[in-house]
Amino acid sequence: MKRSWLALCVLLAAGICTGQLPDLLGQWTGPTTGYVEGNGVFNLAENTSINLSVIEQKDRLFTGNITYTRDGREFSESIAGAIGLDNATLYIAENNGYGFGKIISENEIEMIYLEDGVGKVVAIDRLFRIDSIPFRQNLTDQNLTEEEAALPPEAIMMPSALSEG
């Protein structure tokens, strides 16, 4: 009986450890709600949106850009992130703070953003995938030359006839 339980535990652990790595490539958007410190008080920021663009992923590491509005101004900054060993937890470094998130499904992410110091910020973001970038997963599957593979994603995505005017 002990061997049966041990075998079951080993099989379950192997299944958990070999889960498929999530593909985060693409465009994500959604609502954000948070508090922004200003003049010693926290102001509630509601009904704003945030956009995340994951443009490169190598195993559990990824990079991209995030765009958001604060105080009526739009900001865009680069991000770098990692997927946790559980294939569900996300860690993102931004210019001034850090995001911690959970992959809810293939097309949904929840992020908690924290920024310390003067002008503290805390926000909850709910992001939904609006577009994926499948060609970036494996450039060799696309029969691209080395020169084409070195081009930025937008150069590969849009045929030249469409990008002219």
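Let me start inside the protein, with the largest cavity, whose lining is made up of Leu52, Ile66, Ile92, Glu94, Gly99, Met111, Tyr113, Asp125 and Leu127. Two elements, E7 and strand E8 (121-131), each give two or more residues to that lining. The space in this largest cavity comes to about 60 Å³, and the structure holds one cavity of 30 Å³ or more. I should say straight away that what you have in front of you is a predicted model, and please keep that in mind through everything that follows.

Now a step back, to the chain as a whole. The protein chain has four helices and eight strands, and if you follow the elements from the N terminus on, you read α-β-β-β-β-β-β-β-β-α-α-α. Of its 165 residues, 30% count as buried. Among the contacts in the protein chain with a separation of 6 or more, 36% are between residues 24 or more positions apart.

Let us turn to how some of these strands are paired. E3 and E4 run antiparallel and are joined by 10 bridges, and one pair you can look for is Tyr68 with its bridge partner in E4, Phe75. These two strands, E3 and E4, form a hairpin with two residues between them, and in the turn Asp71 has a positive phi of about 55°. Continuing along the chain, E4 also pairs with E5, again in the antiparallel sense, over four bridges, where Gly81 has Ile92 as its bridge partner in E5. The hairpin of E4 and E5 has five residues between the strands, and there Asn87 takes a positive phi near 60°.

Which residues touch the most other members of the largest nonpolar core? They are Leu24, Phe62 and Leu90, out of the 18 residues in that core. The elements giving two or more residues to this core are strand E2 (41-58), strand E3 (61-70), strand E4 (73-83), strand E5 (89-93) and strand E7 (108-115). If you centre your view on Leu90 and leave aside its neighbours within four places in sequence, you will find it in contact with Leu24, Phe62, Ala82, Ile83, Gly99, Phe100, Gly101, Ile103, Ile109 and Met111. One of these contacts of Leu90, Gly99, is also a residue that lines the largest cavity, and Met111, another contact of Leu90, lines that cavity as well.

I would next like to look at one polar residue, Thr32, which lies in strand E1 (residues 26-38). Is Thr32 buried or exposed? Thr32 counts as buried, because its relative accessible area is 11%, and the cut-off for buried is under 20%. The side chain of Thr32 makes a polar contact, at 2.4 Å, with the side chain of Asp125, a residue that we met in the lining of the largest cavity. Not counting residues up to four places away in sequence, Thr32 touches Ala45, Glu46, Asn47, Thr48, Ser49, Ile50, Ala123, Ile124 and Asp125.

Finally, we come to the largest pocket, which holds about 360 Å³ of space. It is lined by 22 residues, of which Val36, Ala45, Thr69, Arg70 and Val121 are the closest to its centre. E1, E2, E3 and E8 each supply at least two residues of the lining of this pocket, and the largest share, six residues, comes from E1. Ala45, which is among the residues closest to the centre of the pocket, is also among those that Thr32 touches.

Note on methods
Residues are numbered from 1 along each chain as its sequence is written. This is a predicted model: local features need pLDDT of at least 70, side-chain atom pairs count only at pLDDT 80 or more; totals for chains, interfaces and linings use all residues. Side-chain values use heavy atoms; hydrogens and water are left out. A nonpolar core is a set of buried Ala, Val, Leu, Ile, Met, Phe, Trp, Tyr and Cys residues joined through side-chain atoms within 4.5 Å. Buried means under 20% relative accessible area, exposed over 50%, partly exposed in between (1.4 Å probe, protein chains only). Contact means heavy atoms within 4.5 Å. Two strands pair if DSSP finds at least two bridges between them. A polar contact is a pair of N or O atoms within 3.5 Å; within protein, one must be able to donate a hydrogen and the other to accept it, and residues adjacent in sequence count only if both atoms are side-chain atoms. On a 1 Å grid over the protein atoms alone, a cavity is a set of points where a 1.4 Å probe fits but cannot get out, and a pocket is an open set with protein on both sides within 12 Å along at least five of seven lines; lining residues have an atom within 4 Å of a point. Grid points are joined across faces, edges and corners, and a volume is the space filled by probe spheres set on the points.
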